[in-house]
Each structure stands twice: as C-alpha cells, then as structure tokens.
Amino acid sequence: MRPEREETLGALILAVRPQGEADCRVEAVSAERGRLSAWARGLRRPRAKLGGVLQPFTLVALTIHHGKSRVIIGAETLDGFRALKEDYVRLTAAALLAELLLAVVPADEPAEEVLGLSVAALSAMARDAEPLLPLLAVLRDLLQLLGWGVDAETCAVCGERLTGDCYLKLEEGTVSHGRCRRQGMALDAAALATLAGPETGPSLVGLEALAQLWQMHLERPLKSLPAVRAAFRHLLAAD
Ligand SMILES: [Zn+2]
C-alpha cells in the first residue's frame, strides 16, 4: 500500500467554489506547488471549523492530505488582508489579480516569485491610500515575469529615450514616440511611467494599456475588468 502523505504549504487562496451539498473546491497558489486545487469537505456546514479561514484573498498555512484526491485537513490564517475585504474598490483590484493568477500559474511547478509579488500587491492594496497603484504595479510586474513585458523606455523606431506622447503597439509589445509612429494605443506621460515602472502614478490610461496587453496574451476578455474600471472611475478627473 502506498503511504499517504500530509503536507503544509504557505498558500494564497484565490477562489472557493461550492461543490455538491456542503463541500468546496479551493483554488490557491503556493510557492512550492504553484497553482493548487483541493477539496474542503463540509466547508459550507454551519459550524465548519475552517469556514472563517478558507476565504479568497487570505494567505494561509494549508495542511493538505494527498490521497486519491487532495483534501484540506487544516488551515491557519497567516494574513487575512482584512482592510481589503471591507472595501469594494480594493476588492475589485484583488479580484482582477486573482483572475490573472488562476489563468497563468501552472499547477505543480514552484511559483515563489509570483506568490511574492501577489502577496506584496495584496498587502499594499489593503493598506495604501490608493489601491490602484499596487494593482498597476503587479499587472506590469507579472507581465514582465511571464516574458510579456513592454520596453517603455526606448522608442521601437528611433531607439531614443521615450518621452511625451507615445504609442503602444499591443501585438509587438513595443512603444514609439508619436512623432516616429502613430500606431496603436495613445499613451500619455503617466501611462508611459506606469508601463516603465517602478514609480507609478494612478493612471487610468495605464490601467487600460496593461489590461489590453493581458487580454491579448490570454486571448480573452478579463471578466473582472469592467468592475475595476467602474470602481476607479472616480480618478478620471485626476488622470
Ligand atoms: Zn522615436
């Protein structure tokens, strides 16, 4: 008989999906195993032991039993990012991040860097005065990590430093001066700074540029994007 195994992992919970009468399927990202899917048996029963712990956007120490299927047998909160869950705008930003992670993090491969970036982003989204900034930073940094980053410092046409009004050519992932090539998405200075990083201002054009890049690479619309656009619309006057 093959010995059954227990393992405890630091994991960020991204989604908790009801299954059957009382169970849930928990989707998470861990440093050691990347994207992880496991059963939480009886989680929807009224006095479920882990009910308060297994919630989206919670960093937990997850104890998993690897048998025929993966079952969560224990969980302790490491960081609940509480301020995030009490604020709709912050929550929409976190939901977009979760959607991206579920789409790009492979299962059973280490994902230390992705987890580090994501946890830092959620901490900042919970804590900072302007949660759009950590969202923009993590959208950009994850693109970079996946090899989908954009060179927002050098003009793709003349090779000189980018300044002023520029254009992003999505399918090439390149940026040019407006005077060199006027093709693609128009970027203002704040949007250019958003793409170049690490200093980021609250730019809605920058958000749109990053979202378009993600949608192009994922080859589908981002479900959480309309809610994010609506939540941050109040910044339009300042953009
Ligand atoms: Zn140029």
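Contact here means heavy atoms within 4.5 Å, and angles between elements run from 0 to 180 degrees between N-to-C directions. The model in your viewer is a predicted one, and the tour begins with a helix to which these terms apply.

**First stop: helix 6 and the sheet.** Select residues 204-218, which form helix 6, and you will find that this helix lies across strand 6 and strand 8, running at about 145° to strand 8. Now add strand 7 to the selection, and an open sheet of three strands comes into view, with the order 7-6-8 and antiparallel pairing. Strand 7 and strand 8 stand at the edges, each with a single partner strand, so one side of each has no neighbour in the sheet. From one strand to the next, the twist averages 35°.

**Second stop: the pairing of strand 6 with strand 7.** Keep these two strands selected and follow their antiparallel pairing, which extends over four bridges. Within this pair, show the residues Tyr167 and Ser176, since Tyr167 stands opposite Ser176 of strand 7. Next, add residues 189-196, which make up helix 5; this helix packs on the sheet and touches strand 6, strand 7 and strand 8, while its direction makes about 95° with that of strand 8.

**Third stop: the zinc ion.** Select the zinc ion together with Cys155, Cys158, His177 and Cys180, which coordinate the ion through SG of each cysteine and ND1 of the histidine, at 2.1 to 2.4 Å. The angles that the four donor atoms subtend around the zinc ion are 98 to 120°; because four donors count as tetrahedral if all angles lie between 85 and 135 degrees, the arrangement is tetrahedral. For comparison, the ideal angle for four tetrahedral donors is 109.5 degrees. Along the chain, the donors of the zinc ion follow the spacing C-x2-C-x18-H-x2-C. Cys158 lies in the loop between helix 4 (132-145) and strand 6 (166-169), whereas Cys180 lies in the loop between strand 7 (174-177) and strand 8 (185-187), so this pair ties together parts that are 22 residues apart in sequence.

Are Cys158 and Cys180 buried, partly exposed or exposed? With a surface displayed, note that Cys158, at 34% relative accessibility, counts as partly exposed, and that Cys180, at 28%, counts as partly exposed too.

**Last stop: Arg45.** Finally, select Arg45, which you will find in the loop between strand 3 (34-40) and strand 4 (58-66). Arg45 has 53% relative accessibility and therefore counts as exposed. If you draw a C-alpha to C-alpha distance from Arg45 to Thr58, it spans 20 Å in space, for two residues that are 13 residues apart in sequence.

Methods:
Residues numbered from 1 in each chain as written. Predicted model: local features only at pLDDT ≥ 70, side-chain atom pairs only at ≥ 80, totals over all residues. Heavy atoms only, no water. Donors = N, O, S within 2.8 Å, 3.2 Å for Na, K, Ca; no water. Tetrahedral: all angles 85-135°; square planar, octahedral: opposite > 155°, others 65-115°. Buried < 20%, exposed > 50% of the residue type's maximum accessible area, 1.4 Å probe, protein only. Pairing = 2+ DSSP bridges.
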